Structures are given as structure tokens and as C-alpha cells.
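Open the model in your viewer and keep the selection box handy. The tour goes stop by stop.

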Amino acid sequence: MPISLTDIDHIGIAVEDLEASVALYERLLGTSAAHRERVEDQGVEEVLFAAGSSFIQLLGALGPDTSVGRSLAARGPGLHHIAYRVADIEAALDHFRTEGARLIDDTPRPGSRGTRIAFIHPRSMNGVLVELVQET
Ligand code: CO
């Protein structure tokens, strides 16, 4: 497989009130959050819940003029993106580029948990914002 897709890394969900959403998920999933991180570069504070080797990721916007802030204003809370875990993010990006996909990130940038990430435009992925994640 050209992009060496190894797993779903996480499913990102945009939320209006991060603290209330974390409390809700902790109660409904019956578990504590596995990780919390503020990623200034992406304008988000994220909280991860483990699901096997994948994560459910709650995304709070750090302001209205951020990717998640704009998504919340336009569509309200809900599914924001799906992240594919790949073995080699440069090779995966090259593959998407060669196939004519519209890239949001031409080169990988730092993600949470020390990962490297890059986004593919939803117009190239049937309306779904796709993130590539390589763990280090
Ligand atoms: Co993500």
C-alpha cells in the first residue's frame, strides 16, 4: 500500500465547551482522558481518550479565528477530521501529491504527543478533512 496506512490514529471532534465535553465523555465512556495538550500552532486545546491503539480527540478552539473556531461557527460541534496513522509521512505526502490531491500542508509539522502531522484538503477526500500522523 503506497501510503502505509497502519491504523486510524484519532477521530477529531470539535466541541464548544471543552471542560463540559471532557466531563461528559469521562462519564459516558467510563474512563479518564489519556492525554491533554495545548497546540498553539493549530489554535487548539485537545483531550484524547484511548480506544485500543487509536484515540477519540476532543478539540476546543483557542479563539474564533482558528481552524476549529471557524468550523464551530460554520457547522457547530461535531466530527472535524479523521487522522490516518502512517509509517512514513513524507512518502504518504508524496503519494497524495503525485495523485493530485490538494494538500493543506506541503511538509509535515509538529503535532501533539511528539508526532508529525499534515492535513489533506476535504475537497480531495469526499468532504472529510484528513490528517496524516507519523508517530516518533
Ligand atoms: Co488531529
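Buried here means under 20% relative accessible area. By that cut-off His 81 counts as buried, because its relative accessibility is 4%. Keep in mind throughout that this is a predicted model.

**Stop 1: the cobalt ion**

Select the cobalt ion. Which residues coordinate the cobalt ion? They are His 10, His 81 and Glu 131. Both histidines bind through NE2, and Glu 131 binds through OE. The distances run from 2.0 to 2.1 Å.

Now look at the sequence. The donor residues follow the spacing H-x70-H-x49-E. Colour strand β1, residues 5–15, and you will find His 10 in that strand. Colour strand β5, residues 78–86, for His 81. The two histidines are 71 residues apart in sequence, so the pair ties together separate parts of the chain.

Show the surface next. Is His 10 buried or exposed? His 10 is buried, with a relative accessible area of 5%. His 81 is buried as well, at 4%.

**Stop 2: Asp 105**

Select Asp 105. This residue sits in the loop between α3 (89–98) and β6. Asp 105 counts as buried, at 10% relative accessibility.

Show its side chain together with that of Arg 109. A polar contact of 2.9 Å joins the two side chains. Then add Phe 119. Its backbone nitrogen lies 2.8 Å from a polar atom of the Asp 105 side chain.

What else is in contact with Asp 105, leaving aside neighbours within four places in sequence? Look for Leu 93 and Ala 118, along with Phe 119.

**Stop 3: two positive phi angles**

Turn to the backbone for the last stop. Most residues other than glycine have a negative phi. The next two selections have a positive one.

Select Arg 113. Its phi is about 55°, and Arg 113 is not a glycine. Arg 113 lies in the loop between β6 (109–110) and β7 (116–120). Arg 113 is partly exposed, with 26% relative accessibility.

Move along to Asn 126. Where is Asn 126 found? The place is the loop between β7 and β8 (130–134). Asn 126 also has a phi of about 55° without being a glycine. At 80% relative accessibility, Asn 126 counts as exposed.

**Before you close the viewer**

Return to the cobalt ion and show its three donor residues again: His 10, His 81 and Glu 131. Then show Asp 105 with Arg 109, joined by their polar contact.

Notes. Residues numbered from 1 in each chain as written. Predicted model: local features only at pLDDT ≥ 70, side-chain atom pairs only at ≥ 80, totals over all residues. Heavy atoms only, no water. Donors = N, O, S within 2.8 Å, 3.2 Å for Na, K, Ca; no water. Helix = DSSP H or I, 4+ residues; strand = E, 2+ residues; numbered from the N terminus. Buried < 20%, exposed > 50% of the residue type's maximum accessible area, 1.4 Å probe, protein only. Polar contact = N/O pair within 3.5 Å; in protein donor to acceptor, adjacent residues only side chain to side chain. Contact = heavy atoms within 4.5 Å.
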